[in-house]
Amino acid sequence: MKKLLSLLLAMAMAISLTACGGTEHQGSSAPSPAIDPVSGQETETPDIKGETEPPAAEDTEGTKILVVYFSWADNAILADDVDAVASPSVIPPGNVQQLAVWVQEETGGDLFAIRVTDPYPSDWDACLERANEERGSDARPELEEQVEDMDQYDTVFLGYPNWWYGVPMALLSFLEQNDLSGKDVYLFCSHGTGGLARSVEIITEAAPDANISDRIFDCYEEEAASSEEDIKAWVDELGFSAGDSVENEQAARQIQVRFDGGAVVYELNDSAAADALLAQLPLTINVEDYSTNEKIFYPPQALDTTAAPLAEGGAGVLAYYAPWGDVVMFYDGFGTNGSLYALGQAVSGEAWIGQMSGTVTVEMAE
Ligand SMILES: Cc1cc2nc3c(=O)[nH]c(=O)nc-3n(C[C@H](O)[C@H](O)[C@H](O)COP(=O)(O)O)c2cc1C
């Protein structure tokens, strides 16, 4: 029975070949070799990258974005049953999961994973069989949790794998429980050789009043892991990232030193020493006075100063003095020193530095 299911699916997937990359939804074209996930035989998937000029970016300023996705890897029982099965098993991270994280990074939106209460087997054949049963009975698997306040979002990026020439039935549970009417919806999909198959039609039927864009990103399963650049470019072309992503990257390297009465926000440089400090946060730690221009604290672990730039400048500089292993917050001028390395620069609250005392919290900036 299992073999028959696999065979049927392999045949179906081979019939409907599709594109890889961000594109307007369209049929197949120039082929490139690929391996059928079920039969293991070489087949062909078209590669249409660069075929069409990207349409102009839409006006997306000020929209609130939700990135929703379903992926087998976080809907599977990842127990020790892996050795006991003959067919391939799920290996995290899932393809769609990876794509979703990149969309989230690029858009700065909120990420939501669709999870069923009754996870699927981690064995390929067993998962195919259960998914096929659910498809046959038009099931609506129960979902673990709901999106908090769907109304706040104007734009939804919806990611899914092709399951049985369509979508996992849990995607329909999601679409029926969340009203996407009037929202702009962008689809991204990872699949085997079956491509998008009927997935777009099925989603459109389930969310008839959503504005589903035909600028869909789809990706062959074996290319998912190396699709970061492509999917981020697709998000860019839709007009969602550019400035946002730069802001996100900067925000990801901002820390704050919070104390009774105020907070100082520092932008860290991209040195290994700054990375090592970030890796230790959050810290609740004692600040001490040193000389007449420094407030210092001792992070629990020494920082890696390989290739770190030397600190220079004046008030507002965040530095690391390697011989003592202390982080230095300057609130007045200082001289350079061959063992004093730059970690970053205050971007707000610089005036507070000289007044810090006692216990402070060092954490990611909000
Ligand atoms: C139950 C199941 C059914 C699938 N059905 C199809 C299919 O009909 N056509 C296809 O091209 N790929 C099919 N695939 C392959 C997945 O679409 C592909 O491996 C995808 O990249 C998986 O993404 P994920 O790792 O995020 O779940 C199926 C996979 C599973 C587990």
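Eight helices and 17 strands make up the secondary structure of this chain, and keep in mind as you look around that the model is predicted. Of its 366 residues, 49% count as buried. The chain also brings distant parts of its sequence together: take the contacts between residues at least 6 apart in sequence, and 75% of them join residues at least 24 apart.

For one concrete pair, find Tyr165, which sits in the loop between β6 (155-161) and α4. Its partner here is Gly194, 29 residues away in sequence, yet the two C-alpha atoms are 6.6 Å apart in space. Is Tyr165 itself buried, exposed or partly exposed? With a relative accessibility of 25%, Tyr165 counts as partly exposed, because the buried class stops under 20% and the exposed class starts over 50%.

Ser71 is another loop residue, placed between β4 (65-69) and α2 (95-107). This one is buried, since its relative accessible area is 2%, and the cut-off for buried is under 20%. What does Ser71 touch, once residues up to four places away in sequence are set aside? The list is Gly94, Asn95, Val96 and Gln97.

Now move along to helix α3, residues 124-136. A quick check on its geometry goes like this: 13 residues at 1.5 Å a residue should span 18 Å, and the C-alpha atoms at its ends are indeed 18 Å apart, so expectation and model agree. Its buried residues are a mixed set: Asp125, Ala126, Cys127, Leu128, Arg130, Ala131, Asn132 and Glu134. When you read a list like that, it helps to remember that an α-helix has 3.6 residues a turn, so residues three or four places apart point the same way. Just past the end of α3 comes Asp138, with a positive phi of about 50°.

Next, a pair of helices. Two packed helices are described by the angle between their axes and the distance between the axes. For α4 (residues 169-177) and α5 (residues 199-206), the angle is about 25° and the axes lie 9 Å apart. That angle makes α4 roughly parallel to α5, because anything under 35 degrees falls in that class. The crossing is right-handed. Where do the two helices meet? On the α4 side you'll find Leu171, Leu172 and Leu175, and on the α5 side Ile202, Ile203 and Ala206. Sorted by type, the residues of this contact come out as six nonpolar, no polar and no charged.

Finally, some backbone oddities. Most residues other than glycine have a negative phi, and most peptide bonds are trans. Against that background, look at Ala197, in the loop between β7 (184-191) and α5. Its phi is near 45°, a positive value in a residue other than glycine. Ala197 counts as partly exposed, as its relative accessibility is 26%.

Ala307 also has a positive phi, near 60°, and belongs to the loop between β13 (294-297) and β14 (317-321). At 80% relative accessibility, Ala307 counts as exposed, because the threshold for that label is over 50%.

Which peptide bond is cis? Look at the one from Leu281 to Pro282, where omega is near 0°. Pro282 is in the loop that runs between α8 (272-278) and β12 (283-290).

Conventions:
Residues are numbered from 1 along each chain as its sequence is written. This is a predicted model: local features need pLDDT of at least 70, side-chain atom pairs count only at pLDDT 80 or more; totals for chains, interfaces and linings use all residues. Side-chain values use heavy atoms; hydrogens and water are left out. Helices (H or I, at least four residues) and strands (E, at least two) are DSSP runs, numbered from the N terminus. The expected span of a helix is 1.5 Å times one less than its number of residues. Buried means under 20% relative accessible area, exposed over 50%, partly exposed in between (1.4 Å probe, protein chains only). Axes are lines fitted to C-alpha atoms, for helices over the stretch in contact, and angles run from 0 to 180 degrees between N-to-C directions. Angles under 35 degrees count as roughly parallel, over 145 as roughly antiparallel, 65 to 115 as roughly perpendicular and the rest as oblique. A crossing is left-handed if the near helix is turned anticlockwise from the far one by less than a right angle, and right-handed if clockwise. Contact means heavy atoms within 4.5 Å. Ala, Val, Leu, Ile, Met, Phe, Trp, Tyr, Cys and Pro count as nonpolar, Asp, Glu, Lys and Arg as charged, and the others, Gly among them, as polar.
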